[in-house]
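Hi,

Here is the structure I promised to pass on. Have a look at it first, then read my notes below.

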Amino acid sequence: MLDTISIIGLGYIGLPTATLFASRRHRVIGVDVSPYVVDTINRGGVHIEEPELDILVQAAVGSGYLRATMRPEPADAFVIAVPTPLTEDQKPDVSYIEAAAQSIAPVLAEGNLVILESTSPVGTTGQLAQWLAELRPDLTFPQQTGDNSDIRIAYCPERVLPGRIVHELVANDRIVGGMTLKCSEAASALYKLFVQGECVVTQVRVAEMCKLAENSFRDVNIALANELSMICDGQGIDVWELIRLANRHPRVNILQPGCGVGGHCIAIDPWFIVHGAPDDAKLIRSAREVNDAKPAWVIRKVERAVTTLATLNIASEDIRIACLGVTYKADVDDLRESPALKIALALADRREGRVAIVEPNLQTLPEELTSSEVILMSPDEAVAWAHILVLLVDHAEFKCMEFGLNNGQVLIDTRGIWKDKK
Ligand code: SAJ
């Protein structure tokens, strides 16, 4: 029976998931610790930007199928979609999952299904089952009684791309790692309510590692592109042409270099593998280090351009720098772990009053920059104003811009979209 589904954590994954269950006419109780998030959703609004999400939330709340609250209530299934950040020393922080376990334990009842969706280190689902068992000794759990347990538990990672979340939630295949076969069957039946992709069943630990491996695959491949970009820069080779040509090989598919890797997933999840296997995860660690070092490389390039311009009769302190794009990737408004923002902040710190940012996806300056003297400009204003243009994010608005560089103006294009500008 899946009459009522509760989603714990109404962020980038939990909220769209809640609305999709609601759109299939299931009663959904969304739970979040933030009163602002709960109020916004109950008014039919959204606290995050994601294509189609506003319409889905409005419809789900308007039809009465979705309601948000701060305290879990009884339900047939609980889907945990809370953050799993990194600690300062690069260790996975699963305290939000523990808090979610504590919050749902009092309302758990025989026959309930609990699914963990948060990206987690291997072993976390077993730990979740243990926490729940300690909190509810009156119920049986899969680690105790196998298929006969009162509560079913599974790990089913989210795998959707920010910017395409709603589409991918429906279309992508799902990895379903139940603690027992019955757990997997129950979890697959839940996702089949809206998922059109296949639900592929596996062991819990395989499912946990699968999510980490997917994001590490991308991180390692972006690291190769970023390393090539630095090597090619030193040797006067156009890395974007190089990658285009190499990718004409039928078994080569190099990704694109940029100013670094950001977001709340790829810049973080590989560390979970490194933490679990520090001696063996050499390549994964090294990829993280290569990608994390890219912003400093871009900053050094800007500083070299400043030094060169300063030899042409512009006082170093008068040199104006425009950073184009500060979000973590193209065409989103998300600033989490953004390497572009990191670069803009570092330049703003060094060159008080002489740095502008252009960010078509934000109405106001990011909070981190409000205390600095950074100016928010339109793309055209920046092109007319700056001595140095630093293209950091390949937003659609930048790709279609037509302009030529002024005399002596320097362009540092970390994404290869303006490399033909003269
Ligand atoms: N990036 C590059 N070059 C590329 C591709 C990306 O520099 O060729 C950079 C982006 O600019 C950005 C970062 O990498 O800073 C990550 O962007 P992304 O679009 O690769 O990925 P995310 O973080 O938005 O979403 C990823 C996805 N994972 C994979 O594609 C394997 C998504 O499917 C996951 O669900 C998501 O992480 C997540 O939640 O884990």
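**What I found**

Let's start with a pair of charged residues: glutamate 214 and arginine 159 form a salt bridge, with their closest N and O atoms 2.5 Å apart. Keep in mind as you read that this is a predicted model. Where do the two partners sit? Glutamate 214 is part of helix α9 (residues 204-235), while arginine 159 belongs to the loop between β6 (152-155) and α7 (165-171), so the salt bridge ties together parts that are 55 residues apart in sequence. In case this kind of pairing is new to you, side chains of opposite charge can pair when their charged atoms come close. The structure holds twelve salt bridges.

Next, the rings. The count of aromatic pairs comes to three. In one of them, the ring centres of phenylalanine 403 and tryptophan 418 are 4.8 Å apart. Why is this pair called edge-to-face? The planes of the two rings stand at 80°, and over 60 degrees counts as edge-to-face, so the pair gets that label. Phenylalanine 403 is in the loop between α15 (396-399) and β13 (410-413), and tryptophan 418 is in the segment after β13, so this pair ties together parts that are 15 residues apart in sequence.

Now zoom out to the whole chain. The domain assignment splits the protein chain into domain 1 (4-205) and domain 2 (241-421). Taken over C-alpha atoms, the centres of domain 1 and domain 2 are 35 Å apart.

How do the two domains meet? In domain 1, 13 residues are in contact with eleven residues of domain 2. About 1100 Å² of area is buried between domain 1 and domain 2, and carbon and sulfur atoms give 66% of that. On the side of domain 1 that touches domain 2, seven residues are nonpolar, four are polar and two are charged.

And how many salt bridges link domain 1 and domain 2? The count there is zero. There is, though, one residue pair in polar contact across the interface of domain 1 and domain 2, with both residues at pLDDT 80 or more.

Cheers

Definitions and conventions
Residues numbered from 1 in each chain as written. Predicted model: local features only at pLDDT ≥ 70, side-chain atom pairs only at ≥ 80, totals over all residues. Heavy atoms only, no water. Domains from an automatic or database assignment. Contact = heavy atoms within 4.5 Å. Buried area = accessible area lost by both parts, 1.4 Å probe. Salt bridge = Lys/Arg side-chain N within 4 Å of Asp/Glu carboxyl O. Polar contact = N/O pair within 3.5 Å; in protein donor to acceptor, adjacent residues only side chain to side chain. Nonpolar A, V, L, I, M, F, W, Y, C, P; charged D, E, K, R; others polar. Phe/Tyr/Trp six-rings, centres within 6.5 Å; stacked < 30°, edge-to-face > 60°. Helix = DSSP H or I, 4+ residues; strand = E, 2+ residues; numbered from the N terminus.
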